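Here is a friendly walk through one structure, taken piece by piece. Keep the view open as you read, and turn to each residue when it comes up.

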Amino acid sequence: MTVKVWLLYLLISMPNMPSVKNNSFLYPNEEECMQALTNYLNIYESKSAEYKENLKTTGYCLPFDAFPVKGMHKLSS
């Protein structure tokens, strides 16, 4: 049995870094993923111009078929 989960995939780029950094989080549905992405981007937008000059970021909510994930309640409903 598989279930659909949503992967919040965040990308971060800073000057003089050897690569683009990434972080990801699982959510049981698209709404929770999109809310987390919106919150993340709102926090970034509230930062100073200097901060945003030195850190570029974006994120995506991606659907993903997975086997049930222990610890994510109501994931299979």
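## Lys52 and its surroundings

Apart from neighbours within four places in sequence, Lys52 is in contact with Tyr44, Glu45 and Lys47. Lys52 itself belongs to helix α2. One of those partners also offers a polar atom: a polar atom of the Lys52 side chain lies 3.2 Å from the backbone oxygen of Glu45. Please bear in mind throughout that this is a predicted model.

## Helix α1, end to end

Two of the residues just met, Tyr44 and Glu45, lead us to helix α1, where Tyr44 is among the buried residues and Glu45 among the exposed ones. The helix runs over residues 30–45, 16 residues in total. At 1.5 Å a residue these should span 22 Å, and the C-alpha atoms at the two ends are indeed 22 Å apart, so expectation and model agree.

At the N-terminal end, α1 is capped by Asn29. A side-chain oxygen of Asn29 sits 3.3 Å from the backbone nitrogen of Glu31.

## Two faces of α1

Which residues of α1 are buried? They are Cys33, Ala36, Leu37 and Tyr44. These residues cover an arc of only 100° around the axis, and therefore lie on the same side of α1. The general geometry is familiar: an α-helix has 3.6 residues a turn, so residues three or four places apart point the same way.

The face turned away from the buried side carries the exposed residues Glu31, Ile43 and Glu45. As for the cover over the buried residues, it includes strands β1 (3–13), β2 (21–27) and β3 (56–66), along with helix α2 (49–54).

Met34 is another residue of α1. With a relative accessible area of 37%, Met34 is partly exposed. Its C-alpha atom is separated by 10.0 Å from that of Leu7, a residue 27 places away along the chain.

## The nonpolar core

In soluble globular proteins, nonpolar side chains tend to be buried together. Here the largest nonpolar core has eight residues: Trp6, Leu8, Leu10, Tyr27, Cys33, Ala36, Leu37 and Cys61. Both β1 and α1 supply at least two residues each to this core.

Tyr27 is a good core member to inspect up close. Setting aside residues up to four places away in sequence, Tyr27 touches Val5, Trp6, Leu8, Glu32, Cys33, Ala36 and Met72.

## One disulfide

How many disulfides does a search of the whole structure find? There is one, and its partners are Cys33 and Cys61, with sulfur atoms 2.3 Å apart. Cys33 lies in helix α1 and Cys61 in strand β3, so the pair ties together parts that are 28 residues apart in sequence.

The torsion about the S-S bond is about -105°, which makes this disulfide left-handed. Are its two cysteines buried or exposed? Cys33 is buried, at a relative accessible area of 0%. Cys61 is buried as well, with a value of 15%.

## Strand β3: Thr57 and Tyr60

Cys61 has company worth a look in β3, beginning with Thr57, which lies in that strand. Thr57 is buried, with a relative accessible area of 14%. Its side chain reaches the backbone oxygen of Leu11 at 2.7 Å, and a polar contact of 2.6 Å joins it to the side chain of Tyr40. Beyond its neighbours within four places in sequence, Thr57 is in contact with Leu11, Ile12, Tyr40 and Tyr44.

Tyr60 is also found in strand β3. Its relative accessibility of 43% counts as partly exposed. Not counting residues up to four places away in sequence, Tyr60 touches Leu7, Leu8, Tyr9, Leu11 and Leu37. The C-alpha atoms of Tyr60 and Ser13 are separated by 15 Å, and these two residues are 47 residues apart along the chain.

## A loop residue with positive phi

One last stop is Asn16, in the loop between β1 and β2. Asn16 is not a glycine, yet it has a positive phi of about 65°. At 81% relative accessibility, Asn16 counts as exposed.

Key. Residues are numbered from 1 along each chain as its sequence is written. This is a predicted model: local features need pLDDT of at least 70, side-chain atom pairs count only at pLDDT 80 or more; totals for chains, interfaces and linings use all residues. Side-chain values use heavy atoms; hydrogens and water are left out. Helices (H or I, at least four residues) and strands (E, at least two) are DSSP runs, numbered from the N terminus. The expected span of a helix is 1.5 Å times one less than its number of residues. Buried means under 20% relative accessible area, exposed over 50%, partly exposed in between (1.4 Å probe, protein chains only). The arc is that of the directions from the helix axis to the C-beta atoms. Contact means heavy atoms within 4.5 Å. A polar contact is a pair of N or O atoms within 3.5 Å; within protein, one must be able to donate a hydrogen and the other to accept it, and residues adjacent in sequence count only if both atoms are side-chain atoms. A nonpolar core is a set of buried Ala, Val, Leu, Ile, Met, Phe, Trp, Tyr and Cys residues joined through side-chain atoms within 4.5 Å. A disulfide is a pair of cysteine sulfur atoms within 2.5 Å.
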